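User: Please take a close look at one helix pair in this model. Tell me how the two helices cross and what makes the contact. Then add a buried helix for context.

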Amino acid sequence: MRGKIIHNRLDILAVIIVLIFIALISRLAYLQIYQGNYYSKMADGNRIRIIPAMAPRGLLYDRNGSLLVSNRPGFIVSLLPIAGPIPEGVIEKLAPMLAMSAEDIKSKLKQHSGSFDPIRIKADIGPEMVTRIEERRSELPGVVIEIQPIRNYIYNESAAHLFGYVSEINDVELERLKANGYKSGDIVGKFGLEKVYDRELRGVDGGDQVEVDVTGRPVNVLGKKETVPGKNLVLTIDYRIQKAAEEAVEAQLNYLQTKSEFRNAKAAAAIALNPQTGEVLAMVSRPAFNPNLFAKGISEKDWKALNENPFHPMDNKTIAGEYPPGSTFKIVTGTAALELGKVTPEEKIFDSGHHWIIPKGNAEGEALGWINFREALSKSDNVYFYEMGNRLGIDNLEKYARMFGLGALTGIKLQGESDGLVANRRYKEKVYNEEWYLSETFDAAIGQGFQLTTPLQVAVVMSEIANGGHRYRPYLVSKITGSHGEVLQNFQPEEIGKLEVSAKTLQLIRESLRDVAQEGGTGYGAFKDFPVAIAGKTGTAENPHGSDHGWFVAYAPYDNPRIAIAVLVEQGGFGAGAAAPIARKMLEAAFNLNQPPVEGAQLYQRHTVL
């Protein structure tokens, strides 16, 4: 009986074992036959990866085809977490090799989206660092060296505020732009034209389909998707004028700091426009920064030096700096007085050195006696223009200032532009809850007090006088081209305003401004032997925080204007001594005077702006 029971149990166990084998064989057959293709793909997925390749950004050229911003190949250290999360030990070994902290690397890992895209840790490393990493390859699974394009600003600080810079996308930008195809690790424009035209410049990324080993190291390239370079920008900038302006600003600031009483003259702005179109021919802001520092990942030390500089090198002073226009505003005051019949060209006003109603006078107590309009503007006489303010009143001054476009953005396609301030009753009542005084009208009439302008705005005012009253939107890009030079988009001048001023008034203003650069005028010292007839205006703006700011504005040639310039030197003193020499150097470059020959360069007179 007992033996029979044991035999039955063995039979049952045998049946169970047979059923188990049948189930295993069935499952194996199912996996091999029905699911074989699926799991084959999964296995390939574990050993095949797409390593993206960054598309080179579009290039930037000046108006004559000179290359200003390019790309160069650079080594980038990335982490590729193929076999799982990057081990802590790998991070600890990698950090000192890259002169980084382990926490910085971990922070980049945390920002990773979880895809198989490389996590870029450090850009533009040198060949010595590449060698050290390759020598310890077996200890660094998941660490890869990529060759990717690095943005190259050929002339370093030159035109830095115009070009801007690029850097890795941050969390805020990624959240805002991911719907447009941006992803973690992308290099994007952060400032200047790089930011404004980022979508045009960025191109389309490609990549390699690679087979990797168990450490995540690529061992075989299976396929390739070519990158598509970004579109190129042809700028309105003339690099000859840009270079001359940069060098002149540097030299003048150095002279003022070392050989004059103006030791704090450490900042300046200079801009040149074509008054017939609004094209920007040059744009300089000092102090500046080197955008190449950002392209390869700026160090904490370099960022601190920029951020703590009291003269704010990251600010584009040509469009964001707000300064009292000083005597350059007399152009507006004079236009209003003539046009409204508050004075005639022939009427003479006696300058005793001080105005007879309010004891405000000329610089250093100078007295010019009986003078007419043309003499007053060319010699920049304060007493005369105090009287113009007295006759006009603040409301008329405000009206004409706004007609010239002051107190509003010029509309240039750069971020960070300031709109300045036109002195007016409403502003004072709102901010100070006080009524307007006549003395404040006197200040406003000579560009002091509440009046604030940017160098770009003053250049636009000068352009309006030069071209007969037309206000054009300043612009920086003349066309967008493809990688083979084909024109994809052209940009044309855009008129956005017009002076309601008679030709007779504008002609008298122009004649008076021409006298500025002739004997007896305030700009004669800087232009007494200049071979091209110019019109100009000096200006000195009071500064409660230090020495006065110096202005000089000009256009040339006088009879056929093709360039208008505004120069501002912070704490440089009188405009004739601080700013006019810079303007002269810019005009010399514009008309190819006293310039070294440049291979392949054309004379400015032959450029398309003429």
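Analyst: In this predicted model, the axes of helix H3 (residues 88–97) and helix H4 (residues 102–110) come within 9 Å. They cross at roughly 125°. An angle over 115 but not over 145 degrees counts as oblique, and H3 and H4 are therefore oblique to each other. Their crossing is right-handed. On the H3 side, the contact is made by Glu88, Ile91, Glu92, Leu94 and Ala95. H4 contributes Ala102, Ile105, Lys106 and Leu109. By class, the contact of H3 with H4 has 6 nonpolar and 3 charged residues. Polar residues are absent from it.

Now the buried helix, H16. It spans residues 382–392. Of its 11 residues, 9 are buried, so H16 is largely enclosed by the rest of the structure. The buried set is Asn382, Val383, Tyr384, Phe385, Tyr386, Glu387, Met388, Gly389 and Leu392. These buried residues pack against four helices and two strands by name: helix H14 (330–339), helix H15 (373–378), helix H17 (394–403) and helix H19 (438–445), with strand E13 (349–351) and strand E14 (369–371).

Both ends of H16 have a local detail. At the start, a side-chain oxygen of aspartate 381 reaches to within 3.4 Å of the backbone nitrogen of valine 383. Valine 383 is itself among the buried residues of H16. Just after H16, glycine 393 takes a positive phi of about 85°.

Conventions:
Residues are numbered from 1 along each chain as its sequence is written. This is a predicted model: local features need pLDDT of at least 70, side-chain atom pairs count only at pLDDT 80 or more; totals for chains, interfaces and linings use all residues. Side-chain values use heavy atoms; hydrogens and water are left out. Buried means under 20% relative accessible area, exposed over 50%, partly exposed in between (1.4 Å probe, protein chains only). Contact means heavy atoms within 4.5 Å. A polar contact is a pair of N or O atoms within 3.5 Å; within protein, one must be able to donate a hydrogen and the other to accept it, and residues adjacent in sequence count only if both atoms are side-chain atoms. Axes are lines fitted to C-alpha atoms, for helices over the stretch in contact, and angles run from 0 to 180 degrees between N-to-C directions. Angles under 35 degrees count as roughly parallel, over 145 as roughly antiparallel, 65 to 115 as roughly perpendicular and the rest as oblique. A crossing is left-handed if the near helix is turned anticlockwise from the far one by less than a right angle, and right-handed if clockwise. Ala, Val, Leu, Ile, Met, Phe, Trp, Tyr, Cys and Pro count as nonpolar, Asp, Glu, Lys and Arg as charged, and the others, Gly among them, as polar.
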